[in-house]
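Let's walk through this structure together, starting from one small spot and working outward. Please have the sequence and the 3D view open side by side.

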Amino acid sequence: MDLDYSQFLSMSHEVSLVVVLIVLLLADLLIKNKKAFQYLAIAAFALHTVAGFYSYTDLAGDAFAGMYVSGAAQSFVKNILNVGTLIVFFFSFEWNNNENKSGVGEFFFLTLSTLIGMYFMVSAGDFLFFYIGLETASIPMAALVAMNKKGTEGAEAAAKYILTASFSSGVMLFGISLIYGACGSLYFDEVQAAFTNITALHIFALVCFIAGVGFKISLVPFHFWTADTYQGAPTGITAYLSVISKGAAVFAFMSILYKAFANEPDVWQNILWWLIVITITIGNLFAIRQKNLKRFLAFSSISQAGYIMLGVYASSQTGMSSTIYYILIYMFTNLAAFGIISAIENKTGKVGMDDYNGLYSTNPKLAFAMTLAMFSLGGIPPFAGFFSKFFIFAAVASSKVYGDYVLVFLALLNTIISLYYYLLVVKAMFINKSESPIETIKIDTMSRVALLVCVVAILVIGFISSIYMNIYNISDGFAN
Amino acid sequence: METITNLSPIILALPFLMFLFLGLCGNKLFKSNPNIAGWIGTAGLSVVAIVSYYIAIQYFWVEGKGADAYQQFVLFNHEWLKMTDNLVISIGFMLDPISAMMLVVISTVSLMVHIYSLGYMHGEEGFQRYYAVLSLFTFAMMGLVVATNIFQMYIFWELVGVSSFLLISFYFIKPSAVAAAKKAFIVTRFADMFFLIGILILSYYTNTFDFLKLTAVSDGHATLVNTKMCGEMFMGLSVTSIAMFLIFLGGAGKSAMFPFHIWLPDAMEGPTPASALIHAATMVVAGVFLVARMFPVYFFEAHDVLTIIGYIGAFTSLFAAIIACTQTDIKRVLAFSTISQIAYMFVALAVSGYTSEHEACLGYTASMWHLFTHAMFKACLFLGAGCIIHAVHSNEMNAMGNLRKFMPIAHITFLVSCLAIAGIPPFSGFFSKDEILVAAFEHDKVLYACQAFVAGLTAFYMFRLYFRIFWYSENPAHAHHTPHEAPMNMNIPLIVLSVFTCFTWLDKVFPFFPEKITADRVGYELETNWIIAIASILVAVVGIAIAWVLYLKKNDKPDMIAGKLKCLYISASHRFYIDEIYLFITRKIIFGGICVAIAWFDRHIIDGFMNLLAWISRELSYDIRDVQSGNLQQYAWGFLVGVLAIAMFAINY
């Protein structure tokens, strides 16, 4: 059978990333100077990112007989992932130069491998293809989590991650096979047509599938790995896990729910309703008690995942666009927080909340940026996080169902609780006194640039309405 | 047309960028030489002024003239927030006769104030901040007048409020300045609340914020408002009237109409040039501009409200003029005079008709014209007062006297402006005020009588001010500390503004006015009604003559008269105790009565709920912490139980 090579044209994101991967693999062998290699890697990936922006509107089509689909929304999400990954690279620069000197090549290769897996998840048109993408994104991640070779924490984190991942992927594969059994196909379009006349089999298949993705997004009760893994992994990787990996999974999850299961939204909306409430609440309740900032952000990100799912729950064009918008803003906000934690950890090795007491007196700029990130995560206007929360609540509240208002109300109550713990960090930095505050540190230029980008994004994105309008226009919405 | 479309964004963008630049980097970059910040601000504003003049001239002479009326151009209209299909907030630029005129007013006065402040604010702490806020104000005021929709206007309306707050509290180490800033902000915000409610009512019925749609007129009706809101009643009142009255209340707050006038005299705590710009020439006329912008709706759909506006205006102008006669702080005199003159403009709008075919439309034209001339001469008066305060280091009249020999330029420009505000020909104020009186005369004799009397009062208190400053008896302290003429960069703005005041009446020189601005934008040929003109000149001359007798030289006649009218004098000099009434209402009734109940509710019900939430969170988080044990088998167990539980739930649902 002849292969139609023109279909690769619609995969230009993936093709370009594979080229970058191959180049880096060769360069790792040839270039002995690790710093030079890092510059090359970042430059190559930056080039790929910029190229992605150029191919951003006119990409539409499918490949592999519809297993791969690409459109404006998919392209946009991939661009978000690219930008986020680039910021992570910037933040990890210092760490790669010191602690991880021996593993720089692996760091880039593995990260980009997971990224390509996420591309496939985002562009999947078929459950198997989605599954392959998910696995490609998961397995190298375990190696990344274990990059911290000193001490046992990294190994423990990686073990917990990979074991839970394989467990959940088993459950999900089981669900997918049940879907095939119930519907006779794995293509989203065909599943959509066949997923009617719901029986227990359909529902159980759906639940298994949701559990598998729920692991990636860290929805309660599939979240247990999150805190341990986030804490043990190198901070850059934690940031990557909490933002990029989660963002890709949410979008893929949304497009599958909106496509394959579009005929029976009630079924999964009921499930999501409870999952969201439990996720936000449990995430908050655990976050309140955390003393380690990485663990703290792990639970915060669980709770944020619940908020993102609100947009998915809304099942409309507004729901889709507000979800993508939330991912975009959450990315900048969370990366800013992680960037600061990572910079301070690299210099001083401190990650405890108490260590941050009095940070404002010694590092006012970092404290200020951290405050912005916390305010934005808490959804305080006029920072970007407010706008993302606003749109996502508006999307849910615009439906006429009574239960949706209850959901919004519960989410709002939880926002109040979350404000408490986000402000704890701010209080530590500005109000608490400390005998030995973190000394004045000077962070490297790369992190500084990335931090600046994040801070500017937090401050202005909400006001540039064309961003949201643009996302709204490319969101193809529910069931088509 | 293309040129002005392309140029128009500069008017908004440049002041905003200057605000960001001076506000963010000003203190750091120009630490050693703050004057550079002032020069940058002034240079930027000169560009804005040139562009504004260019656009206004192009509009009035070339582009604006349509077949039978001046056209309304929307140069750009960027959709900013789209909440729903109807609820769209745009940021745009509308060019029509009144906004083109306002561009000229704002940019002229603002530029003069920028130049003047180079001298006046020289060496002040926070010089860069001052210029940053001036730029912010210019940006906000420009955005307000060119707004394409009422919501944009509201946004910029609040922004001018903020910049006014920042400038009043410029000397924030002075407790009185802080109190004045708070007062101004709270009072205007209180009024703005009504404005917002009015906007929401109006847009709820009409489904739009857009001025073009709201003010479109056909067959003697503001079509959209008429079709959507006609016959809607609420508690026996027409909803249109309620909405339009609420909107007017917003304008009354900004324009310091009774009973919202209390903030303006206190706002004089700010630097004098800022008072000249914000609290005399531009921001305080925003309310007049608002009513003029919505005039077709007021005229056709809510004429009762327009009548109320007229009476509120007349009362305020009389009331403020009486108080102005008794004040001894020169800036307070000017502040009350401003209130009184703005009230004039409201009266003029209230007595106006819509079409240009007969004399009826005169009020609208006169109101806008008076806005223009008043901006020029009142800014000149304030800046002159600034020079005087600069020279004698006091606001009190007693510290002055006989200053004409020390400060000739300030003296002449001040005199010109006083003649203008008193309504003596051929200065600008005579013409604009005369048209207002003619319009009032034809519409409502009561309003005419009141306004003519106020004109006399105005002449009296302005010349009282003038004689007390420049004649009267010299303050003995001057022997030790001789007052001196202000530097050139402070005198030039005075001269420029007084030139405007002298020659605005020459239509051929400054052809913005008055014929081109009418409610229906057709244009109108003005004629001076000499009978009324002579009457008003007589009134003014009488006012001046009384001031001459009483204040040219130091004598005991003023005290004698004050003694005879003791009751009136004391209450007027205490501003008729309006502030005390406010304090009584807020302290005793609201804080002492209503607030106690609300505070109880807040403390026990709202806070109690929050405390409950916090308590539950704390207890729960304590109880469930063991779930996150770090034990992997337990995690897998939880995962599996979760799947099964959800499946059970979903299947049974």
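Begin at Ile198(A): setting aside residues up to four places away in sequence, Ile198(A) touches Ile203(A), Glu264(A) and Val267(A). Contact here means that the C-beta atoms of two residues, placed from the backbone, lie within 7 Å. You will find Ile198(A) in the loop between α7 (188-194) and α8 of chain A; helices are DSSP runs of H or I with at least four residues, strands are runs of E with at least two, and both are numbered from the N terminus. Is this residue buried, exposed or partly exposed? Ile198(A) counts as partly exposed because it has 16 C-beta neighbours inside 10 Å. The scale behind that word calls a residue buried if 20 or more other C-beta atoms lie within 10 Å of its own, exposed if 12 or fewer, and partly exposed in between, with C-beta atoms placed from the backbone. From Ile198(A) to Gly212(A), 14 residues apart along the chain, the C-alpha atoms are separated by 21 Å.

A word on the ground rules before we go further. This is a predicted model, in which local features need pLDDT of at least 70 and side-chain atom pairs count only at pLDDT 80 or more, while totals for chains, interfaces and linings use all residues. Residues are numbered from 1 along each chain as its sequence is written, and chains are lettered from A and ligands numbered from 1 in the order in which they are written.

How confident is the predictor? The complex receives an ipTM of 0.87 and a pTM of 0.80. Per residue, pLDDT expresses the predictor's confidence from 0 to 100. Chain A averages 90, with 97% of the residues scoring at least 70, and chain B averages 86, with 96% of the residues at or above that score of 70. Among the elements of chain A, strand β1 (residues 61-63) has the lowest mean pLDDT, 79, and helix α4 (residues 104-122) the highest, 94. In chain B, strand β5 (residues 233-234) has the lowest mean among the elements, 78, and helix α12 (residues 286-293) the highest, 93.

Now look at where the chains meet. Here 30 residues of chain A are in contact with 23 residues of chain B. On the chain A side, α6 (153-183), α8 (200-217), α9 (225-232), α11 (265-288), α17 (402-430) and α19 (465-474) each supply at least two residues. By class, that side has 23 nonpolar, 4 polar and 3 charged residues; Ala, Val, Leu, Ile, Met, Phe, Trp, Tyr, Cys and Pro count as nonpolar, Asp, Glu, Lys and Arg as charged, and the others, Gly among them, as polar.

Turn next to chain B as a whole, which has 25 helices and 6 strands. Its C-alpha atoms fill a box of roughly 100 × 65 × 50 Å along the principal axes. The radius of gyration of chain B is 28 Å, which agrees with the value near 26 Å for a compact globule of 653 residues; the radius is taken over C-alpha atoms, and the globule rule is 2.2 Å times the number of residues to the power 0.38. Buried residues make up 53% of the chain.

Which residues have the most contacts inside the largest nonpolar core? They are Val291(B), Phe346(B), Val347(B), Leu349(B) and Ala379(B), in a core of 220 residues. Such a core is a set of buried Ala, Val, Leu, Ile, Met, Phe, Trp, Tyr and Cys residues joined through C-beta atoms within 7 Å. Helix α16 (residues 362-392) of chain B gives the largest share, 20 residues. A second, separate core of 187 residues includes Phe195(A), Leu241(A), Tyr307(A) and Phe391(A).

Finally, visit a few backbone details. Phe258(B) and Pro259(B) are joined by a cis peptide bond, with omega about 0 degrees, and Pro259(B) sits in the loop between α9 (239-254) and α10 (263-266) of chain B. Arg575(B), a residue other than glycine, has a positive phi near 55 degrees. Arg575(B) is buried, because 20 other C-beta atoms lie within 10 Å.
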